Structures are given as C-alpha cells and as structure tokens.
Amino acid sequence: MDKSAPEPAPAAAAEEVAARFRSLVDPDDVASIRQTQHLILGRLQDSNAVLTHFNEYSEQCFAEVSGDFASKTRLLKSMKADLEHIFTKLRGMKARLAATYPDAFPDGAMSKTMDQRPDLEGPLD
C-alpha cells in the first residue's frame, strides 16, 4: 500500500482554512462591526443602569404609599358596606310606608323612588 500524497498536518490544515476565511472578509468591515457592537453594548449598559435606578425608585415610592393605599382601600370597602346597609334599610322603610299609606303615594310614584341610586358595579358609559 503506497500513498500517493502525504497528508498535511492538522495544524497546517486549520491554518489554511483560517487564512481562507480571513481572505473572504474585509478587515475594515470586521473593525466597523466590532466598533458598532461596542457602541451598542455601551448604550445597552447605560439603559440598563437607568432602568435599574428607575426600578429602585419605583420600589421605594411604592413602599411609601402601599400602606396608605391599603388603609384607604379598607376604608372604602367599609363605607360601601355601610351604604349598602343604609340603602337596604331605606328601601324597607319606603316599602312599609307604601304598605301603610297606599293612598299617599300615586300609582307608580313609589316604584320610581324605590331605588334611584346608580349601579356602581356595572360598566361606565
């Protein structure tokens, strides 16, 4: 078994492939791409720093108002429950008045005044 041509060493073959790849790309283009990537990296790092600062500030502001917000929410829920109770009592009183004194209210007048409050649970117009 005789060999027709000696095989090149793996390092020499790798050098040859690398040299051919380098010859396909202009070094000025590669330098321009690297410079652009470096510029983009700087901008992204600056943006990241600004966003980190904003997140820290937002977290601080939220911590300052979250307790107040929670207490106001509890107050509003309590007020809503109280008003529901008051309206329920008023509707009962109106119904008893209408039953006790039916001639004092014309037909249909009581049904109009029974519940004139807006529906707070429905969508806004």
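This report covers the fold, surface, salt bridges and nonpolar patch of a predicted model.

## Fold and surface

The chain contains 3 helices and 0 strands. In sequence order the elements follow the pattern α-α-α.

Of the 125 residues in the chain, buried ones make up 1%. The accessible surface of the chain is about 11,800 Å². Carbon and sulfur atoms account for 62% of that surface.

## Helix α1

Helix α1 covers residues 10–24. From its first C-alpha to its last, α1 reaches 21 Å, close to the 21 Å expected for its 15 residues at 1.5 Å a residue. The helix is hardly covered, with a count of 0 buried residues among the 15.

Residues of α1 appear in both of the topics below: Arg 20 and Glu 16 in a salt bridge, and Val 17, a residue of this helix, in a nonpolar patch.

## Salt bridges

A search of the whole structure gives 2 salt bridges. One of them joins the side chains of Arg 20 and Glu 16, with an N to O distance of 2.8 Å. The two residues are 4 apart in α1, so about one helical turn separates them. Arg 20 is exposed, at 56% relative accessible area, while Glu 16 is partly exposed, at 41%. The cut-off behind these two labels is 50%: a residue over that value counts as exposed.

Lys 72 and Asp 68 also form a salt bridge, and their closest N and O atoms are 3.7 Å apart. This pair counts as a salt bridge because the cut-off is a nitrogen to oxygen distance within 4 Å. Both residues belong to helix α2, which covers residues 27–100. Their spacing is 4 residues, about one turn of the helix. Lys 72 is partly exposed, with 45% relative accessibility. Asp 68 is likewise partly exposed, with 45% relative accessibility.

## Nonpolar patch

A nonpolar patch on the surface is formed by Val 17, Phe 21, Leu 24, Val 25 and Val 30. Together these residues have about 480 Å² of accessible area. Helix α1 supplies the largest share of the patch, 3 residues.

Val 17 is one of the patch residues and has its place in α1. Its relative accessibility is 47%, so Val 17 counts as partly exposed. That value also satisfies the patch requirement, because membership calls for over 30% relative accessible area.

Methods
Residues numbered from 1 in each chain as written. Predicted model: local features only at pLDDT ≥ 70, side-chain atom pairs only at ≥ 80, totals over all residues. Heavy atoms only, no water. Buried < 20%, exposed > 50% of the residue type's maximum accessible area, 1.4 Å probe, protein only. Expected span 1.5 Å × (residues − 1). Patch = residues over 30% accessible without salt bridge, like charges linked within 9 Å, V, L, I, M, F, W, Y side chains within 5 Å. Areas by Shrake-Rupley, 256 points an atom, 1.4 Å probe, with all protein chains shown as cover.
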